[in-house]
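Q: I am new to this structure and would be grateful for a close look at a single part of it, the pairing of aromatic rings. Please describe the rings together with their setting in the chain.

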Amino acid sequence: MRPPNRGPPGYGPRSDPRDDGCGYARGVSNDPRLTPNLQTMADLLESVDQDNAFLLDAAERMRAAIGRVESLNQLYSQIWLEERDAAVAAFGVEPTPRVLAEDDIWDAMGDHDQAIKELLQVLVTSSVLQPDAEACG
């Protein structure tokens, strides 16, 4: 195992801002010392780092989306029918807001459920799902 304060030869000490904390340089691309296959891997590694940032952001957005659908479902089950009847009476024959249409509410919640199931299927079938590994391990 490499000492933690040194990277591969030529990449400088750990104080190098490109150091990933494990002694390897981040953001080094098109290095002439890399074989074509290693260069492809280096490019993919940079892309995966960007994808990981996107996925972390997506996880936060998913939590927020789940919170919104849970709130919609809770309000639907607690107050919707009574308040909808009063609102429909107030609107009369005029076009009414979408929230007064039960099918639209159910369709939105069903679409959310289906999207979650599809996302879960993608995650479950991913070959990279592994038990947590130790960093720099």
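A: A caution about confidence comes first: over residues 1–16, pLDDT (the predictor's confidence in each residue, from 0 to 100) stays under 50. For that stretch, the model has 23 contacts (heavy atoms within 4.5 Å) beyond four places in sequence. The model is predicted: local features need pLDDT of at least 70 and side-chain atom pairs count only at pLDDT 80 or more, whereas totals for chains, interfaces and linings use all residues. Residues are numbered from 1 along each chain as its sequence is written, and side-chain values use heavy atoms, with hydrogens and water left out. Across the chain, the mean pLDDT is 81, and 72% of the residues reach 70 or more.

The overall setting may be described next. The chain contains two helices and zero strands; both kinds of element are DSSP runs numbered from the N terminus, helices being H or I runs of at least four residues and strands E runs of at least two. Of the 137 residues in the chain, 12% are buried, a term for a relative accessible area under 20%, with exposed meaning over 50% and partly exposed in between (1.4 Å probe, protein chains only). The accessible surface of the chain is about 11,100 Å², an area obtained by the Shrake-Rupley method with a 1.4 Å probe, where for residues only the protein chains shown count as cover. Carbon and sulfur atoms account for 58% of that surface. Among contacts between residues at least 6 apart in sequence, 27% join residues at least 24 apart.

The aromatic rings now come into view. A pair of aromatic rings is described by the distance of the centres and the angle of the planes. Here, rings of Phe, Tyr and Trp (its six-membered ring) pair if their centres lie within 6.5 Å; planes under 30 degrees apart count as stacked, over 60 as edge-to-face and the rest as tilted. The structure has two such pairs. In one of them, Tyr76 and Trp80 lie 5.1 Å apart, centre to centre, with 35° between the planes, and the pair is tilted. These two residues belong to helix H1 (residues 36–91), where a spacing of four residues places them about one turn of the helix apart. Tyr76 is buried, at a relative accessible area of 15%, and Trp80 is also buried, at 8%.

Tyr76 takes part in a ring pair with Trp106 as well: the centres are 5.7 Å apart and the planes stand at 85°, so this pair is edge-to-face. The pair connects distant parts of the chain, since Tyr76 lies in helix H1 and Trp106 in helix H2 (residues 102–124), 30 residues apart. Trp106 is partly exposed, with a relative accessibility of 47%. Through these ring pairs, Tyr76, Trp80 and Trp106 are linked into a cluster.

The rings can also be placed within the nonpolar packing. In soluble globular proteins, nonpolar side chains tend to be buried together. A nonpolar core is here a set of buried Ala, Val, Leu, Ile, Met, Phe, Trp, Tyr and Cys residues joined through side-chain atoms within 4.5 Å. The largest such core has five residues, namely Val69, Tyr76, Trp80, Ile105 and Met109. H1 and H2 are the elements that give two or more residues to this core, and H1 supplies its largest share, three residues. When residues up to four places away in sequence are not counted, Val69 touches Met109 and His112.

Charged side chains complete the account. Side chains of opposite charge can pair when their charged atoms come close. Five salt bridges are found in the whole structure, each being a side-chain nitrogen of Lys or Arg within 4 Å of a carboxyl oxygen of Asp or Glu. One of them joins Arg98 to Asp104, with the closest N and O atoms 3.4 Å apart; Arg98 is exposed at 57%, and Asp104 is partly exposed at 28%. Another joins Asp113 and Lys117, at 3.1 Å from N to O, and these residues are four apart in helix H2, about one helical turn. In helix H1, Glu60 and Arg63 are three residues apart and form a salt bridge whose closest N and O atoms are 2.7 Å apart.
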